[in-house]
Amino acid sequence: VSRQLKEEIRRGFAGLEDPLAGLLAMLESSSDWKGKGHSLGYYITTELQLWIKEHPAVPQSGIQLKKLQARALGILSQCPANLLDPLISIYQLHTADRNYLLEHVSHLYLKGSYKEAAILSMKLKLQPDQDVEKMCTPLLLQDKANVVEDYVGEYPELQSKLLQILDTWCEPSFNIRDITRPYQGLSRYKAEKFNRRTLSKLVFRLLDRFNVDPALCPNVINQRHLRTLNYLFYKRFVEKTMTEENWADHVQSTVGESRWLQGHLIQLLVRHCGERAAARWARHWGVPMDMLPPGLAEQLPEPHTQERIEEATKADNYEDNKKKEYYQLPIPRENIHFLQTWEETLQCWEKVLQPGQVVGIDMEWKPSFGMVGKPRVALLQIAVKDEVFLLDLPWLLEQAEVEGEKEKLPRFIQRLYSDAAITKLGYGMSGDLSSLAATCSALKDTEKQQHGVVDLLTVDKQVDGLSPEHSHEEKGVRQPEKGLSLLVQHVLGKPLDKTEQLSNWEKRPLREEQILYAASDAYCLLEIYERLCKDPESFGLSSDLRESLVRKQSIKPVTKKQLNKQEALSPSGQQCQGSKVEASRAPPAVSPREFSVVCDNMLQGLGRYLRCLGIDVRMLENEDDHRKAAEIARQEGRVILTSGLPYQTLQSQVGEGRCFSVNCSEKAKEQALQVLKHFNVQVSLTDIFSRCQ
């Protein structure tokens with residue numbers, strides 16, 4: 001708002017005998033303030049709010065204030081959201097008679113203005129005196145779940161009440177039409193958005209947001225468990241991608257003591273395994289005999305010795321087949337170390353925290369199958385050349401807390417991720433780091449502080465021919481490879497064996513198959529990276545591997561959905577690894593006189609162009625080794641400009657953000673513009689040719 005308008009508004013207030021009544025008269029006789037955006041009425045109202053703070057004698061009281069409040073409420077029922085707070089403040093509506101306010105909101109509700117009634121209730125904090133089901137039902141029918149969330153947001157008791165109501169609606173025998181019937185004529189009613197599935201998702205969102213005990217919603221939780229059961233049977237008997245041990249472990253923990261789920265389990269067992277096997281599993285899991293269908297209880301034979309021999313033979317053959325079909329660790333078993341003490345982890349850090357080290361990192365956690373809360377990391381895998389370290393994270397953190405040194409382990413993990421001289425390889429690292437933060441609060445800022453990170457997820461859509469439909473031969477029911485397994489198959493020749501992926505990673509001791517799987521997941525990253533660095537062109541990648549692989553830093557956290565998409569590169573396709581230069585937060589502007597660079601020997605054209613713009617440039621000679629650029633950069637405080645594979649070596653030898661990879665396919669002018677933009681170098685007319693003799 002212009003200063004002149006503000007002064008004019010304030011002069012108007014000063015000239016009025018009763019500014020509060022004057023504002024109401026203006027709003028009642030005008031309608032410009034009813035639309036969206038900042039109207040003249042909005043500016044006058046907010047200026048009066050400020051003016052009253054400066055003139056404390058102005059506010060009314062007693063009978064006169066009550067009359068003004070009654071008129072203000074009439075305006076509140078039709079004004080946009082941006083006027084609510086100023087008007088409530090000016091007319092002290094939070095001090096008005098509560099029954100009068102509730103009556104006014106009730107009148108709004110009966111008119112069908114459900115959203116307006118809810119928002120006004122929130123502004124006046126009336127929720128504890130209202131019927132949460134009555135207020136929220138029409139909003140849910142109008143697909144306004146966000147308003148419902150805000151409505152109960154500050155009241156734990158109302159949150160619990162709402163969740164219990166929603167859970168009742170999700171009961172299989174409940175008729176949802178009983179809810180919708182009274183609102184048939186409701187405007188903006190979205191019947192297709194009001195069903196058990198949508199309500200179930202809302203319940204899980206509310207449980208997560210408000211940190212409420214899931215036991216409050218048994219219907220929704222059981223329905224989710226039933227979907228998990230169906231999924232486990234699909235993985236085991238249709239896809240055949242889950243071992244029996246994993247499957248049995250998850251089935252048991254999913255069903256628990258619920259008789260309702262036990263009944264569904266028996267039905268699934270009979271359908272997929274037959275009655276005899278169903279009876280045997282029922283005995284194994286301790287399902288009560290009265291849950292079994294008639295005749296099934298009698299079919300409880302112990303497995304015959306012959307059956308056991310056949311099973312063992314099958315298992316041996318399966319292991320042989322796995323070796324033929326799947327990626328195998330190229331290191332001996334004794335080079336995989338399972339670490340559970342601080343002394344053991346020290347040996348790991350000594351090897352890992354070395355400048356120039358390349359490290360493969362992966363994490364495992366118990367599958368949540370869509371239940372509430374973020375997964376907590378149960379195993380941290382760190383691979384270096386010829387060795388893999390498996391850190392029992394929950395146990396190590398627990399031990400550190402007992403010893404009063406709970407910051408010890410997080411400090412090492414943060415050091416690993418923040419050290420630009422160590423290249424960290426991962427696949428979908430944002431998801432891993434999110435789980436790491438949920439496991440240990442001291443690691444919540446790791447993603448913001450990471451440098452020297454290469455996320456191989458970015459390769460998925462860049463490697464030639466990398467698509468699930470071309471990733472496997474037709475082998476019966478075997479599923480197409482995807483994700484990291486597909487990348488491993490394409491680059492190294494064989495896919496990963498993912499049968500242990502859905503293991504219970506919190507259970508100790510880990511089985512041998514789990515240990516080998518966990519080690520393979522981390523070690524294969526080293527082999528992929530090495531192969532791609534040696535021969536990027538044969539995989540359809542640029543010779544400047546960073547262009548294809550480096551993980552672009554982002555201010556916003558990456559969601560799970562975004563993890564499945566290729567992360568976009570900058571328009572030029574180049575990154576300055578770990579520079580933390582984001583589009584919305586550019587580095588401070590510098591003049592050419594404050595900026596000095598050393599150009600690698602394949603960028604002499606760029607060097608000459610930058611020199612013409614007044615930048616202090618040193619250029620390597622054709623016979624110079626690339627590493628000389630790092631030596632000059634360190635001695636003279638210059639930024640290295642390079643391209644292609646030398647970037648891999650040079651960026652780890654200088655400080656964070658002090659090495660930039662230029663696109664060799666561009667002309668010198670385009671390269672120069674790219675450098676100026678990245679480092680925010682502001683060139684003026686006086687800088688042009690200022691260094692030329």
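Reader: Hi! How many disulfides does the structure hold?

Author: Hello! This is a predicted model, and the structure holds zero disulfides.

Reader: Remind me, what is a disulfide?

Author: A disulfide is a covalent bond between the sulfur atoms of two cysteines.

Reader: Okay, on to single cysteines. Is C136 buried or exposed?

Author: C136 is buried, because its relative accessible area is 1%, under the 20% cut-off.

Reader: And C599, buried or exposed?

Author: C599 is buried too, with a relative accessible area of 0%.

Reader: Good. Let me step back: how many helices and strands are there in the protein?

Author: The secondary structure comes to 30 helices and 10 strands. The protein has 693 residues, and buried residues make up 49% of them.

Reader: What share of the contacts comes from residues 24 or more positions apart?

Author: Such residues account for 67% of the contacts with a separation of 6 or more.

Reader: Now I'd like to look at a helix. Which residues of α3 are buried?

Author: The list for α3 is G41, Y42, I44, T45, T46, E47, L48, Q49, W51 and I52. What covers these buried residues includes α1 (3–14), α2 (19–29) and α5 (81–90).

Reader: What span should α3 have, at 1.5 Å a residue?

Author: Helix α3 (residues 40–54) has 15 residues, so it should span 21 Å. Its end C-alpha atoms are 21 Å apart, which agrees.

Reader: Let's change topic. Where is L162?

Author: L162 is in helix α10, residues 156–169. At 2% relative accessibility, L162 counts as buried.

Reader: What is L162 in contact with, leaving aside neighbours within four places in sequence?

Author: Its partners are V132, C136, V148, V152 and L206. C136 is the buried cysteine you asked about, with its relative accessible area of 1%.

Reader: Nice link! How far apart are L162 and T137?

Author: In sequence L162 and T137 are 25 residues apart, and from C-alpha to C-alpha they are 9.9 Å apart in space.

Reader: Which other residues should I look at in α10? I mean the buried ones.

Author: Besides L162, the buried residues of α10 are L158, Q159, L163, I165, L166, D167 and W169. Their cover includes α8 (132–141), α9 (145–152), α11 (177–180), α12 (196–210) and α13 (218–238).

Reader: How does the span of α10 work out?

Author: It has 14 residues, so at 1.5 Å a residue α10 should span 20 Å. The end C-alpha atoms of α10 are 20 Å apart, in agreement with that.

Reader: Next, a helix pair. At what angle do α14 and α15 cross?

Author: The axes of α14 (residues 244–255) and α15 (residues 259–273) cross at roughly 150° and come within 9 Å. That makes α14 roughly antiparallel to α15, because angles over 145 degrees count that way.

Reader: Which residues meet there?

Author: From α14 there are W247, V251, T254 and V255, and they meet L261, Q262, L265 and L269 of α15.

Reader: How about sheets? What is the order of the strands in the open one?

Author: Four strands form that open sheet, in the order β8-β7-β9-β10, and the pairing is parallel. The edge strands, β8 (616–619) and β10 (659–661), each pair on one side only. From one strand to the next, the twist averages 25°.

Reader: Which helix packs on the sheet?

Author: Helix α27 (residues 604–612) does, touching β7 (596–599), β8 and β9. The direction of α27 makes about 160° with that of β8.

Reader: And how many bridges pair β9 with β10?

Author: Three bridges, in the parallel sense, with β9 covering residues 639–642. I640 stands opposite C659 in β10.

Reader: Last topic, backbone oddities. Where is there a cis peptide bond?

Author: A cis peptide bond joins R508 and P509, with omega about 0°. P509 is in the loop between α23 (483–492) and α24 (512–534).

Reader: What is the phi of D386?

Author: D386 has a positive phi of about 75° although it is not a glycine. D386 is in the loop between β3 (377–384) and β4 (387–391), and at 41% relative accessibility it counts as partly exposed.

Reader: And what about the phi of N680?

Author: N680 also is not a glycine, and its phi is positive at about 55°. N680 is in the segment after α30 (668–679) and is buried, with a relative accessible area of 17%.

Reader: Thanks, that helps!

Technical notes. Residues are numbered from 1 along each chain as its sequence is written. This is a predicted model: local features need pLDDT of at least 70, side-chain atom pairs count only at pLDDT 80 or more; totals for chains, interfaces and linings use all residues. Side-chain values use heavy atoms; hydrogens and water are left out. Helices (H or I, at least four residues) and strands (E, at least two) are DSSP runs, numbered from the N terminus. The expected span of a helix is 1.5 Å times one less than its number of residues. Buried means under 20% relative accessible area, exposed over 50%, partly exposed in between (1.4 Å probe, protein chains only). Contact means heavy atoms within 4.5 Å. A disulfide is a pair of cysteine sulfur atoms within 2.5 Å. Two strands pair if DSSP finds at least two bridges between them. Axes are lines fitted to C-alpha atoms, for helices over the stretch in contact, and angles run from 0 to 180 degrees between N-to-C directions. Angles under 35 degrees count as roughly parallel, over 145 as roughly antiparallel, 65 to 115 as roughly perpendicular and the rest as oblique.
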